[in-house]
Structure formats: C-alpha cells, structure tokens
Amino acid sequence: MKKIAVAKGDGIGPEIMDAVLKIFEAAKVPLQYEVVEMGKWVFDKGYSNGMTPEAQQTIEDLGILFKGPMETPKGKGVKSVNVTARKTWNTYANKRTFQTLHGVETVFSKAGIPIDLTIVRENIEDTYGGIEHMLTHDVALSRRFITRPGSMQVIKYAFEMAKKKGARRITCGHKANIMKITDGLFLEVFYEVAKDYPELKADDVIVDDLCMKLVSRPHEFDVVVLTNLQGDIVSDLCAGLVGGLGFAPSANIGDHISIFEAVHGTAPDITGKNIANPTALLLSGVGMLRHLGLMTAAANIENALLYTLESGVHTGDFGDKSTPSVNTTDFAEAIIKNLGKLPDHNPRPVIPDLPMTPTHFKLEQNPLIMTQEKEEEKIVGVDLFIESAEQPNAVADKLLQHTGDLFKLVTISNRGTQVWPKGSVYTNLINQYRCRFESIGEEPVTQIDIMELYKRSMKDFKVCSLELLNMWGDKKAYSLAQGQ
Ligand code: NAI
C-alpha cells in the first residue's frame, strides 16, 4: 500500500486533519500515513526550518506530503514554514480549484451562475524570493525574478493539466503592459507553450481586468495561470467567489515531491473549539487522491461531501443560519454516513483507478534548468544606482566628468521617471537616482570598463547597486526609463 507523509500542523490543523483521515479510513482509501513533525511547534523546539531532520527525510523518501496549516512565527527574519516547504522541494505549481458547491450560498449560486475555475500560480519565483535591501534610508528594493525555465515549468504543467481536465480555455493573467520584461517573459513563454496545445483556446488578460471580469463573469474562465504574487491575490479573490477560505483546496506540485493543503491558515480564533470546517482540507485530500491515481476513492468521498452539503449540514462558518451548525467531528461523521450516496447536482463520475504514479526517485544533486542562448550577447552600458540629495542637473554635471572615452550619460531617472536631460518639475524626488551610461555607438564594453566607471563615479557618490545593460543580438535586454 502506498505510504504518504502527514503533518497535522498548528492551530485547527490537528482537528481538521483528524476529521479528514477518519473520512479516508471509512472510505477505505488504500493509503498508509506516516505522521511527521513539522510546524510552528517544531520551530519552537529549535528547528529553524520548522521540521525535524527525520520529517524532512520521510517526506523526501515518500514524495507526498498531506499537510495541515502552519503558523508563521511573528518577528523579523523568521521565514514561513509553508513557504520554506514549497521552496525546499521545488513545488513550482500551485493549483487551486474553485467550484460551486450546492449548500454553500454565494452571490453567484443565488444568481444561478456556476463556477468551475482552476488557478495555477507560479510558486517559487517573483518577489517571493524575499531578496530585499534598503538602498538608502528612504529607499527599499525588492528583486523580482521571473525566469524562462521557471515560467516554462509552471506553464507546461498548467497546459497539461488543462488538457487532462478537458478545459475549454486557458488564460494567462499578467501585467506585461507595465512590466514589459518580467511579465513580458512569462507571457512570451505562455504563447510558446500554447503552440503545442492547439486544441486549447489560449488567451491572456491583464490582471486588473482579470479581477474585474472574475467578479462579474467568473463562468467565462476555466484555467488561469499567473505569476506568484498576482496568483496569490487572484486565488484568494476566487475563494471569495465560491464561499470563502473554508472551501479552497490547494496542491503544490513538483517533479519529485508534491504538497497538498488547504488555502486557509491556522485560524487561531477558533482553535481548540472543534468548530472548524474541514472541507478545504478534505477537497485538498481528494485532489491528492486523484494525483495518485486513486480515482474511485476520490469520487466516492467527493460525492459524499457534495451530498452532505446539499442536505444542509454545515459548520458555523457557512450555510443556513436558521438551522443549527454542527461541529467538526459531526460534520465528518455526516460525510461518512453519506458515503455511497450521489448528490443531485454535479455528481462526480466514479471512474476506475489509474496506475499509481511511479515511485519517485531521490535527486543526487541540483539539476540546472536553462534554455539555449540563441543570440550573440554583449554589454553596452550600465545603470548605476546612486545616493544623492542633489537636484538632477547637479548630479548630471558631476557624472559627466566621469564618462571617459567609452561611455555617454543618456538618462537619469528617479523612481523610474526620467528627470534628466529632460523631466517634469512636478516629479517628486527621493535621494536615489538611476543613472544610465551607454557605450558610444553601442560598442561592446567589458566588466572592467564598467568597474572603472564605477570607481570614477564613487569619487562623488555612494553607488548603491548596478545593473549591466545587455543586448541579445539586436534586442535590448533592459527597459527604457519612463519618458526616455
Ligand atoms: P486564517 O485562514 O487562519 O483565518 C482567517 C479567518 O478565516 C479566521 O476568522 C478563521 O477563523 C477563518 N477560518 C480559516 N479556516 C477556517 C476553517 N477551516 N473553518 C472555519 N473558519 C476558518 O488566516 P490568518 O488568521 O491570517 O492566519 C493565521 C495563521 O495561519 C498565520 O500564522 C498565518 O501565517 C498562517 N497561515 C498558514 C497557511 C498555510 O499553512 N498554508 C496559509 C495562510 C495562513
């Protein structure tokens, strides 16, 4: 029998996990569970990543982690156990499904508009790298990494999943109109992958427009793929469409290890009261069963859940307030009693099990994922980020002394808006400028040439950081300043 790792988590975690495992047991799910030590309580025991070495070993040996919510310890410098887990095991795709559940009243259910949406969120990159610096006392910088291989992994997963699901549409949510290089890369990869799936209607929507459309016409969407932060926000918005966090399951999919958990947190306000709603964790578990090929058990449990919800049984966080709510244990018992029954609305077809996913293998070392460089690469300049409380003309006068024979100063910007050679007097300034030097005639320069320019500029300014200006063939690998 396949064994999986289970971490019950903090707060309401143990209450809802026990309820879900009881339902699994009653449904005769052919799985064995190895409970591992992971969560805030493990962090408190002195394990800085929130898990014991034994827990990490077990999860890596078994390849599947079914987890309850875990508290992020408050305080600076302490990382979330949840994010650490997703990153440690490179679960690059976060899949969240949102469906109309009869018995869970929402604005859309009242209007008779069905929702069946899957959000796939990139799970590793973006600003979630947490690479942040104060450049001056007034200026904080977060680095946002969007990579071609990282985007490729998650977008390929989204297309493959959409195809298997028989989706009618796959949409890329993005902000490539503003972040032309980062979101532009994600969008470029989306359409590159789309070519391999001609049977799927692939399109894209700018993320703000997407939010407006999701709250007004959610039924028009099917699978939506987004970068990390935008996906985080949009998926919580979708949870709201189907009745709240109590109904939002999630899967963190990787090539070797996958984690299944509810979207919600530890709910400290209701911990220990046995009143939490286990539905989101149960639906996450159902998704896990399907991931493992256990289709029959998944459909049986989901049908029993849908039947229970339809019959009006509810925990305190949802449902008809004029009928008394039941506690977590009784809600699970009601589902167990309804195993074998079919709901009136959208019964899930009971299909035969698929072959179990092959036993996963352990990696010996980190694989490097990269795409082939096609064009010739050259350095044609540098952006120096300098600290200065002077006016742009005064900054330029000093920098023009340092350009030497190889460089010209082409633009100075403040918070991304050009302030030299031309600019608006209405642009408020902060004490940090981005000063762009380009090589004369776009001739290639070396890193040593750049360092010489850096050293000369240092005589007048503190240089906070720098970025090289690269060209791939005749394409600029950097953005222009607003107004340049
Ligand atoms: P939360 O999701 O724990 O709670 C928000 C609200 O929803 C609360 O009123 C809570 O009572 C309610 N709620 C959540 N799950 C429920 C359920 N199953 N049944 C009934 N009501 C439910 O979010 P919050 O308060 O922001 O976070 C609490 C802790 O959880 C924090 O330490 C946070 O870092 C952590 N967290 C962990 C996550 C994970 O393990 N994946 C995800 C989100 C938060």
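# Close-up views of a predicted model

**View 1. The lining of the second largest pocket mixes residue classes.** Sorted by class, this lining has 21 nonpolar, 12 polar and 12 charged residues. Keep in mind as you look around that this is a predicted model. The second largest pocket has a volume of about 1,400 Å³. Its lining counts 45 residues, and those closest to the centre of the pocket are Lys95, Met161, Gly287, Arg290 and His291.

**View 2. Helices and strands come together around the second largest pocket.** Which element gives the most to the lining of this pocket? That is helix H6, with 7 residues. Helix H6 spans 148-165, and other elements that each supply at least two lining residues include helix H10 (279-291) and helix H11 (295-310). Among the strands, S4 (93-99), S5 (116-122) and S11 (249-253) each supply at least two residues as well.

**View 3. The ligand sits among 21 surrounding residues.** To find your way, start with the closest ones: Met70, Gly265, Ala267, Asp269 and Asn277. By class, the shell around the ligand divides into 9 nonpolar, 6 polar and 6 charged residues.

**View 4. Polar atoms of the protein meet nitrogen and oxygen atoms of the ligand.** Glu261 places a polar side-chain atom 3.2 Å from a ligand nitrogen. For His264, too, a polar side-chain atom lies 3.2 Å from a nitrogen atom of the ligand. At Gly265 the backbone takes part: one of its N or O atoms is 2.7 Å from an oxygen atom of the ligand. How much of the ligand does the protein cover? On its own the ligand has 820 Å² of accessible area, and the protein covers 68% of it.

**View 5. Ala267, one of the residues closest to the ligand, has a positive phi.** Most residues other than glycine have a negative phi. In Ala267, phi is near 45°. You will find Ala267 in the loop between strand S12 (258-262) and helix H10.

**View 6. Asn346 is another residue with a positive phi.** Its phi is near 45°, and Asn346 is not a glycine. The loop that holds Asn346 runs between helix H12 (328-337) and strand S13 (377-387).

**View 7. Trp420 and Pro421 are joined by a cis peptide bond.** Most peptide bonds are trans. Here omega is about 5°. Pro421 belongs to the loop between strand S15 (417-420) and strand S16 (432-439).

**View 8. The largest cavity has no charged residues in its lining.** About 40 Å³ of space lies inside. The lining has 7 nonpolar and 3 polar residues. Look for Thr100, Leu101, Val104, Thr106 and Phe108 among them, along with Ser109, Ile113, Ile115, Leu241 and Val242.

**View 9. The second largest cavity is lined by residues of three classes.** The structure holds 2 cavities of 30 Å³ or more, and this one has a volume of about 30 Å³. Around it are Val83, Arg86, Arg121, Asn123, Tyr128 and Asn228. They divide into 2 nonpolar, 2 polar and 2 charged residues.

**View 10. Cys211 and Cys238 are not bonded to each other.** A disulfide is a covalent bond between the sulfur atoms of two cysteines. How many disulfides does the structure hold? The count is 0. Why is Cys211 without one? The closest cysteine sulfur, in Cys238, is 8.2 Å from the sulfur of Cys211, which is too far for a bond. Cys238 is likewise in no disulfide, with the sulfur of Cys211 as its nearest cysteine sulfur.

How values were computed
Residues are numbered from 1 along each chain as its sequence is written. This is a predicted model: local features need pLDDT of at least 70, side-chain atom pairs count only at pLDDT 80 or more; totals for chains, interfaces and linings use all residues. Side-chain values use heavy atoms; hydrogens and water are left out. A residue is near a molecule or strand if one of its heavy atoms lies within 4 Å of it. A polar contact is a pair of N or O atoms within 3.5 Å; within protein, one must be able to donate a hydrogen and the other to accept it, and residues adjacent in sequence count only if both atoms are side-chain atoms. Accessible areas come from the Shrake-Rupley method with a 1.4 Å probe; for residues, only the protein chains shown count as cover. Ala, Val, Leu, Ile, Met, Phe, Trp, Tyr, Cys and Pro count as nonpolar, Asp, Glu, Lys and Arg as charged, and the others, Gly among them, as polar. On a 1 Å grid over the protein atoms alone, a cavity is a set of points where a 1.4 Å probe fits but cannot get out, and a pocket is an open set with protein on both sides within 12 Å along at least five of seven lines; lining residues have an atom within 4 Å of a point. Grid points are joined across faces, edges and corners, and a volume is the space filled by probe spheres set on the points. Helices (H or I, at least four residues) and strands (E, at least two) are DSSP runs, numbered from the N terminus. A disulfide is a pair of cysteine sulfur atoms within 2.5 Å.
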